[in-house]
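Welcome, and take a moment to look over the sequence and the model shown here. The report that follows walks through some of the details you can find in them.

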Amino acid sequence: MDRGRPTALLVSQSFQSLARMLMKARGYPDAPFVVIPHPFESLPEETIRRIAREKVTEIIAAVSEQPLHQPA
Amino acid sequence: MGLVSKRHLLDGDVDAVFDHMYRAGWTDGLPVIPPTRRRVEAMIEGLGWPADFSIGRLPPKYGEATIEKLAINAVMAGCLPEYFPVVVGSIQALLDPAYNLYSVNTTTHPATPMLMINGPIRHELDINFSWGCMGPGWRANATIGRAVNLAMLNIGGRIPGVGTKAVHAQPGRFTWCFAEWEEESPWEPYHVERGFDRNENTVTVAAPGGVRTMEFPECVTGEDVLENIAGALHGEGGINIFPQFGQGEMPVIMCTEHAKMMMQDGFTKQKAKEYLYEHTRHIPFSSFSKSKLEAMRKIRPDQFSDKGVALAARPDQFMIYVSGGPGGLHTRFCDTFGDTWIVTKRLPRKGEPPPPVSPAS
């Protein structure tokens with residue numbers, strides 16, 4: 001984002017408020033998030049691939065600057 | 001003195017003032033001293049640096065830790081102005097990249113700044129290193145640690161559930177500051193081990209998740225004690241080996257009597273660390289579930305042998321610090337957060353100039 005490149009921010013459900021605080025501190029208060037389930041790190045690869053397939057449209061939308069998700 | 005913080009004019013008695021501050025989210029839930037202009041100016045005078053000088057920015061909100069803002073939090077915590085150099089020095093140490101304050105503040109782990117003070121300032125400020133040094137009763141211990149934690153809340157945004165995801169957090173997030181009993185330790189003081197002069201004042205910061213007691217009244221030799229510590233640490237394997245992280249340091253806070261028993265047995269601090277390392281190298285596979293073993297083996301294959309899993313990769317991952325009152329043979333062990341390293345910094349002194357360049361955040 002700092003380099004002006006299209007960026008999709010993937011944030012796990014439980015960390016949305018922290019991510020919002022961080023992005024505000026970095027000067028991007030309205031950065032769109034793609035929200036993924038939490039916890040994430042312990043999921044099997046198969047489930048992670050399924051989540052990726054489900055979220056790919058939102059991720060493309062985020063990098064295309066057409067956010068489907070507006071911050072709460 | 002040019003102070004820039006917004007002023008709030010509050011009517012009413014002390015209850016109403018505290019209630020207002022609590023509702024505004026500025027406190028840890030305990031009563032605070034209202035940071036009036038006069039008190040904040042006196043606190044700033046305790047170090048003498050310009051009010052607008054910034055030590056750096058505190059994550060995750062990345063608010064500027066200016067001398068003025070730190071002084072406000074130190075007043076609220078109940079500090080005396082002469083404690084202020086320790087508060088400022090502690091924040092400087094916590095901002096060292098090796099400490100990884102961002103992760104310590106935001107993680108789901110209960111990792112919390114633990115401040116350990118060395119040097120003559122222990123006596124000047126009456127910082128407890130004897131009976132009850134990690135507990136209540138000493139103004140310096142209680143309020144220096146509290147000032148740092150209030151700064152994490154008010155400058156860093158360490159708001160439970162928002163800026164920090166600590167699942168339980170821990171009592172150390174109110175305050176955690178004590179000193180080393182250098183005079184009763186048979187070894188060189190901790191800051192001397194780290195390359196400082198004995199007469200320098202230092203703060204050492206670690207990020208334990210908690211602290212447990214290991215009491216071995218039956219032990220008669222130093223090796224006896226070390227053997228039992230190492231044995232107890234086998235149970236720590238499951239929580240200290242974080243496969244997804246680096247390899248942090250584990251503070252071992254030894255009572256003076258345990259330390260003396262070791263010294264009588266010929267253990268230097270280095271030898272004691274090597275003993276702990278050697279005797280925690282083969283935590284049995286049966287201590288872990290299959291999935292955890294697989295995850296650990298992937299990331300730390302070098303810590304696996306055919307006999308088990310090593311708690312540490314190197315002896316110097318054990319930190320030895322000597323504190324606590326005499327009379328009971330207790331050693332404390334702090335579990336680690338993994339992705340953080342212990343940092344020791346020289347404390348600033350009143351009257352000396354601030355560092356030439358404000359550190360970039």
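## A histidine in chain B

A polar atom of the B:H191 side chain lies 3.4 Å from the backbone oxygen of B:D197. Please keep in mind as you look that this is a predicted model.

Where does B:H191 sit in chain B? This histidine belongs to helix α8, which covers residues 190-193. Is B:H191 buried or exposed? Its relative accessible area is 0%, and because buried means under 20% relative accessible area, B:H191 counts as buried. Leaving aside residues up to four places away in sequence, you can find B:N118, B:G119, B:E182 and B:F196 among the residues that B:H191 touches. The list also includes B:D197, B:R198, B:E200 and B:T202. B:D197 is thus a residue that B:H191 touches and the one whose backbone oxygen lies 3.4 Å from a polar atom of the histidine side chain.

## Backbone details

Next, let us turn to the backbone. Most residues other than glycine have a negative phi, and most peptide bonds are trans. With that in mind, here are four places to visit.

| Place | Backbone value | Location |
|---|---|---|
| A:H38 to A:P39 | cis, omega near -5° | A:P39: loop between β2 (33-36) and α2 (45-63) of chain A |
| B:P59 to B:P60 | cis, omega near 5° | B:P60: loop between β1 (54-58) and β2 (63-66) of chain B |
| B:Y62 | phi near 60° | loop between β1 and β2 of chain B |
| B:A169 | phi near 50° | loop between α7 (139-154) and β4 (177-179) of chain B |

The loop between β1 and β2 of chain B is worth a visit, as it holds B:P60 and also B:Y62. The peptide bond leading from B:P59 into B:P60 is cis, while B:Y62 has a positive phi although it is a residue other than glycine. How accessible is B:Y62? Its relative accessible area is 24%, which makes B:Y62 partly exposed. B:A169 is another residue other than glycine with a positive phi, and at 25% relative accessibility it is partly exposed too.

## Chain A on its own

Chain A has 72 residues, and buried ones make up 28% of them. Which elements does chain A contain? There are two helices and two strands, and along the sequence they follow the pattern β-α-β-α. Among the contacts in chain A with a separation of 6 or more, 48% join residues 24 or more positions apart. The chain exposes about 5000 Å², and carbon and sulfur atoms supply 53% of that area.

## Where the two chains meet

Finally, how many residues of each chain take part when chain A and chain B come into contact? Eight residues of chain A are in contact with 15 residues of chain B. About 850 Å² is buried between the two chains, and carbon and sulfur atoms give 69% of this area. Which three residues supply more than any other three of the area that chain A buries against chain B? They are A:L18, A:M21 and A:L22, with 54%. On the side of chain A that touches chain B, five residues are nonpolar, two are polar and one is charged. Between the chains there are zero salt bridges, but four residue pairs are in polar contact, with both residues at pLDDT 80 or more.

How values were computed:
Residues numbered from 1 in each chain as written. Chains lettered and ligands numbered in written order. Predicted model: local features only at pLDDT ≥ 70, side-chain atom pairs only at ≥ 80, totals over all residues. Heavy atoms only, no water. Contact = heavy atoms within 4.5 Å. Buried area = accessible area lost by both parts, 1.4 Å probe. Salt bridge = Lys/Arg side-chain N within 4 Å of Asp/Glu carboxyl O. Polar contact = N/O pair within 3.5 Å; in protein donor to acceptor, adjacent residues only side chain to side chain. Nonpolar A, V, L, I, M, F, W, Y, C, P; charged D, E, K, R; others polar. Helix = DSSP H or I, 4+ residues; strand = E, 2+ residues; numbered from the N terminus. Buried < 20%, exposed > 50% of the residue type's maximum accessible area, 1.4 Å probe, protein only. Areas by Shrake-Rupley, 256 points an atom, 1.4 Å probe, with all protein chains shown as cover.
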